[in-house]
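Hi,

Here is the structure I promised to pass on. Have a look at it first, and then read my notes below.

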Amino acid sequence: MGWVKYFYDGTSYVATDKDIATRVSSWRNSRFEGLQRVDIFHDESPILSLSGIGEFWQSDTMEAPVGGEGFHIVKRRVQKRITSRDIIATIETQGDALAVNVHYLLPASLIRTTIPLRARDIGKWLTLEYDVVSGNKRHYLSDVRI
Amino acid sequence: MTVGILFSTTNGGTALTDDQDMGSGSNGDTITAQTIYLRHDGANNITNVRFYLRAYASSYTGGATAIDDFAEIIGWGDATTSSAFGGVQFNMDAGNSFPAAQWPTLASKSTTYGLVCRTGYGDSSANAITLSSNTGCTSDGTVQAGSSPNVRWQHRVVVPSDEDTTGVRLTEMVFLYDYTS
């Protein structure tokens, strides 16, 4: 379906796949200042959610057979660049969504599932990815913005 | 869909929407290469553009099964003898008009800008082949926006000289690419 940017001032920016295809909406040309969270939707349900402070990026992987009919999104993805202020990331389950919150302060509550962010991870991209075909969600650190 | 990719036989030409006949040949034939052009309808570059072959997924009309055809085609590329070697081959050196030296051979199955699809090379999405900048794209794997970017490659089929079964073989060439709006 698309993605939503959420900002610290309480506003949001919604982009559906249709809006993107018709160039009504754009990740690159929409607001970045104050961006604190990005939700990725597939089939109108949130499937990935990434929160934190800093630089975010979003991309989709598509598949197209030569001479075939139609093009399919096979992966949806959101990334956040790890900075020196990011200490830890927590993985949460929100319905079917893989939700990750990147903390710059240690949270007070007991954290059950964490991703430690080390000095060597600074500059890398914490990546949440949804495989449309398999339905699997995963997180990983990428050297590059995809 | 966010961004569509289009294929044609001329730069910016009518989009292909059906199976492409790569030709017919007898044992040992190198079927005439075809030039295919690629473009997309996104406002920005598409990146990480790569391709691979897979078993034909539409309504199969060949002489065996889609899976058997795919295995056979990959096997032609895997062959270690000249009589058994062949397969679906690619030449991405459009900048030099697809020179003969860039077509793969038994001795050199991957050239600088060419290859034959075989096990581990273009036989799955995990082994997809990055589109070379010599096809006319901006850089390896990155295709610029525009209606006629002049990005193209050639592909052909080489029939092994010891092939003993006639009939139609079907396979699919699939592109994967990333896009940020």
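Let me start with a charged pair: Asp39(A) makes a salt bridge with Arg37(A), with 2.6 Å between the closest N and O atoms. Please keep in mind throughout that this is a predicted model. Asp39(A) is buried, at 4% relative accessibility, while Arg37(A) is partly exposed at 29%.

There are 14 salt bridges in the structure, counted over all chains. Another one in chain A links the side chains of Arg138(A) and Glu129(A), at 3.1 Å from N to O. Here too the two partners differ in how they sit: Glu129(A) has a relative accessible area of 4%, so it is buried, whereas Arg138(A) is partly exposed at 43%. This pair belongs to something wider, a single network in which salt bridges with shared partners connect Lys75(A), Arg77(A), Glu129(A) and Arg138(A). Over in chain B, the side chains of Arg169(B) and Glu163(B) form a salt bridge as well, 3.1 Å from N to O. Glu163(B) counts as buried, since its relative accessibility is 11% and the cut-off for buried is under 20%.

Arg77(A) turns up again at a serine. Its side chain and that of Ser59(A) are joined by a polar contact of 2.7 Å. Ser59(A) sits in strand E5 of chain A, which covers residues 56–65. Is Ser59(A) buried or exposed? It is buried, with a relative accessible area of 0%. A polar atom of the Ser59(A) side chain also lies 2.9 Å from the backbone oxygen of Ile146(A). If you leave out neighbours within four places in sequence, the residues in contact with Ser59(A) are Lys75(A), Arg76(A), Arg77(A), Ile146(A), Tyr179(B) and Thr180(B).

Those last two contacts bring us to chain B, and E5(A) itself pairs with a strand there. Its partner is E8(B): the two run antiparallel and share 6 bridges. Within that pairing, Ala64(A) has Phe175(B) as its bridge partner. E8(B) also pairs with E3(B), again in the antiparallel sense, over 7 bridges. In this case Ala55(B) stands opposite Thr171(B). E8(B) is largely enclosed by the rest of the structure, because 8 of its 9 residues are buried.

Now for the sheets. How many strands form the open sheet of chain A that includes E4 and E8? There are 7, in the order E2-E1-E3-E4-E8-E7-E9, and the pairing is mixed. Strand E2 (12–16) and strand E9 (114–116) are at the edges, each pairing on one side only. From one strand to the next, the twist averages 20°. Inside this sheet, strand E4 (residues 45–51) and strand E8 (residues 97–103) of chain A pair in the parallel sense over 4 bridges, and Leu48(A) has Leu98(A) as its bridge partner.

Chain B has an open sheet of 5 strands, in the order E1-E2-E7-E4-E5, and here the pairing is antiparallel. Its edge strands are E1 and strand E5 (114–116) of chain B. The twist in this one averages 25° from strand to strand. E1(B) and E2(B) run antiparallel and are joined by 4 bridges, with Ser8(B) opposite Tyr37(B). Helix H1(B) packs on the sheet and touches E4, E5 and E7 of chain B, its direction making about 65° with that of E4(B).

Last, the nonpolar cores. The largest has 36 residues, and the ones touching the most other members are Phe7(B), Leu38(B), Phe51(B), Phe90(B), Leu131(B), Trp153(B) and Phe175(B). E5 of chain A gives two or more residues to this core, as do several elements of chain B, including helix H1 (66–78), strand E3 (47–55) and strand E8 (171–179). To get a feel for it, click on Phe51(B): among the residues it touches are Phe90(B), Leu115(B), Leu131(B), Met173(B) and Phe175(B). A second core, separate from that one, has 25 residues and includes Trp3(A), Phe7(A), Leu98(A) and Leu117(A). You have met Leu98(A) already, as the bridge partner of Leu48(A).

Cheers

Note on methods: Residues numbered from 1 in each chain as written. Chains lettered and ligands numbered in written order. Predicted model: local features only at pLDDT ≥ 70, side-chain atom pairs only at ≥ 80, totals over all residues. Heavy atoms only, no water. Pairing = 2+ DSSP bridges. Axes fitted to C-alpha atoms, helices over the stretch in contact; angles between N-to-C directions. Buried < 20%, exposed > 50% of the residue type's maximum accessible area, 1.4 Å probe, protein only. Polar contact = N/O pair within 3.5 Å; in protein donor to acceptor, adjacent residues only side chain to side chain. Contact = heavy atoms within 4.5 Å. Core = buried A, V, L, I, M, F, W, Y, C linked by side-chain atoms within 4.5 Å. Salt bridge = Lys/Arg side-chain N within 4 Å of Asp/Glu carboxyl O.
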